[in-house]
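Reader: I've got this one open and would like a close look at one part of it rather than a full tour. Could you pick a strand in the middle of things and walk me through what surrounds it?

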Amino acid sequence: MSSCSEGWMQYLDHCYLLRTTPTSWDNAILQCQSLGSYLVEIETKEEDEWIRKIGALEIPSVNGIWTGGTVFGNEHSFIWNNSKKELNYTNWEENEPNNYGGNEDCLVIIVPDGNWYDEICDKQYQFVCEKKHPF
Ligand SMILES: [Ca+2]
Ligand SMILES: [Ca+2]
């Protein structure tokens, strides 16, 4: 059985890489693409818990993890950037997404609680890249 590339962590049939240098959401997208992957997209509660666990490995240096969630259309509804799918499972903090100030267009997981917030995309957070396991 093959494993994920060095530094990547396996969960089910995907590999994940935590990047601990904070950056903007746009730059996180580009960095994941340059690694042949995409900014993490969370489809299930179990995957959500796994991502929280990855983030917890580096506490206190990690305080927030960008995901591939971003707004689509005029309604401030979210999709996953790579798959273009609507969010199925969600774990929003109470009263989120609130689009505070009118331009919170990107989805961040705040660690260690692990709840989801919409946030200004230019803010700097750590992030997790995801790719399919190379079976
Ligand atoms: Ca995923
Ligand atoms: Ca918000």
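Author: Let's take E6: in this predicted model, strand E6 (106-110) runs antiparallel to strand E4 (64-72), and four bridges join the two. If you want a spot to click on, Trp66 stands opposite Val108 in E6. E6 also has strand E7 (residues 115-119) as a partner, again antiparallel, this time with five bridges. There, Cys106 stands opposite Glu119 in E7. The hairpin that E6 and E7 make has four residues between the strands, and in it Gly114 takes a positive phi near 85 degrees.

E6 is mostly covered, with four of its five residues buried. Ile109 is a good one to centre on, as it sits in this strand. What puts Ile109 in the buried class? A residue counts as buried when 20 or more other C-beta atoms lie within 10 Å of its own, and Ile109 has 28 within that distance, so it qualifies. Setting aside neighbours within four places in sequence, Ile109 is in contact with Ile51, Arg52, Gly55, Gly64, Ile65, Thr67, Gly114 and Trp116. Asn91 is 18 residues away from Ile109 in sequence, and their C-alpha atoms are 9.0 Å apart.

Ile65 is worth a click too. Beyond four places in sequence, its contacts include Ile51, Gly55, Val108, Ile109 and Val128. Ile65 also belongs to the largest nonpolar core, which has 25 residues; Leu39, Ile65, Trp66 and Val128 have the most contacts inside it. The elements that give two or more residues to this core are helix H1 (25-34), helix H2 (45-56), E4, E6 and strand E8 (125-132).

Now for the two helices. H2 buries Asp48, Ile51, Ile54 and Gly55. These cover an arc of only 120 degrees around the axis, which puts them on the same side of H2. That buried side packs against strand E1 (9-11), strand E2, E4, E6 and E8. Turn to the face on the other side of H2 and you meet the exposed residues Lys45, Glu46 and Ala56. The length of H2 checks out as well: its 12 residues should span 16 Å at 1.5 Å a residue, and the end C-alpha atoms are 16 Å apart, which agrees.

In H1, the buried residues are Trp25, Ala28, Ile29 and Cys32. Down the axis of H1 they fall within an arc of 105 degrees, so they line one face of the helix. The spacing is what you'd hope for: an α-helix has 3.6 residues a turn, so residues three or four places apart point the same way. H1's buried residues pack against E2 (14-23), strand E3 (38-39), E4, E6 and E8. Just past H1, Gly36 takes a positive phi of about 70 degrees.

Zooming out, the chain has two helices and eight strands, in the order β-β-α-β-α-β-β-β-β-β along the sequence. Its radius of gyration is 14 Å, close to the 14 Å the globule rule gives for 135 residues, so the chain is as compact as a globular protein of that length. The C-alpha trace spans about 45 × 30 × 25 Å along its principal axes. Buried residues make up 30% of the 135. Of the contacts between residues at least 6 apart in sequence, 66% join residues at least 24 apart.

Terms used:
Residues are numbered from 1 along each chain as its sequence is written. Chains are lettered from A and ligands numbered from 1 in the order in which they are written. This is a predicted model: local features need pLDDT of at least 70, side-chain atom pairs count only at pLDDT 80 or more; totals for chains, interfaces and linings use all residues. A nonpolar core is a set of buried Ala, Val, Leu, Ile, Met, Phe, Trp, Tyr and Cys residues joined through C-beta atoms within 7 Å. A residue is buried if 20 or more other C-beta atoms lie within 10 Å of its own, exposed if 12 or fewer, and partly exposed in between; C-beta atoms are placed from the backbone. Two residues are in contact if their C-beta atoms, placed from the backbone, lie within 7 Å. Two strands pair if DSSP finds at least two bridges between them. The radius of gyration is taken over C-alpha atoms; the globule rule is 2.2 Å times the number of residues to the power 0.38. The arc is that of the directions from the helix axis to the C-beta atoms. The expected span of a helix is 1.5 Å times one less than its number of residues.
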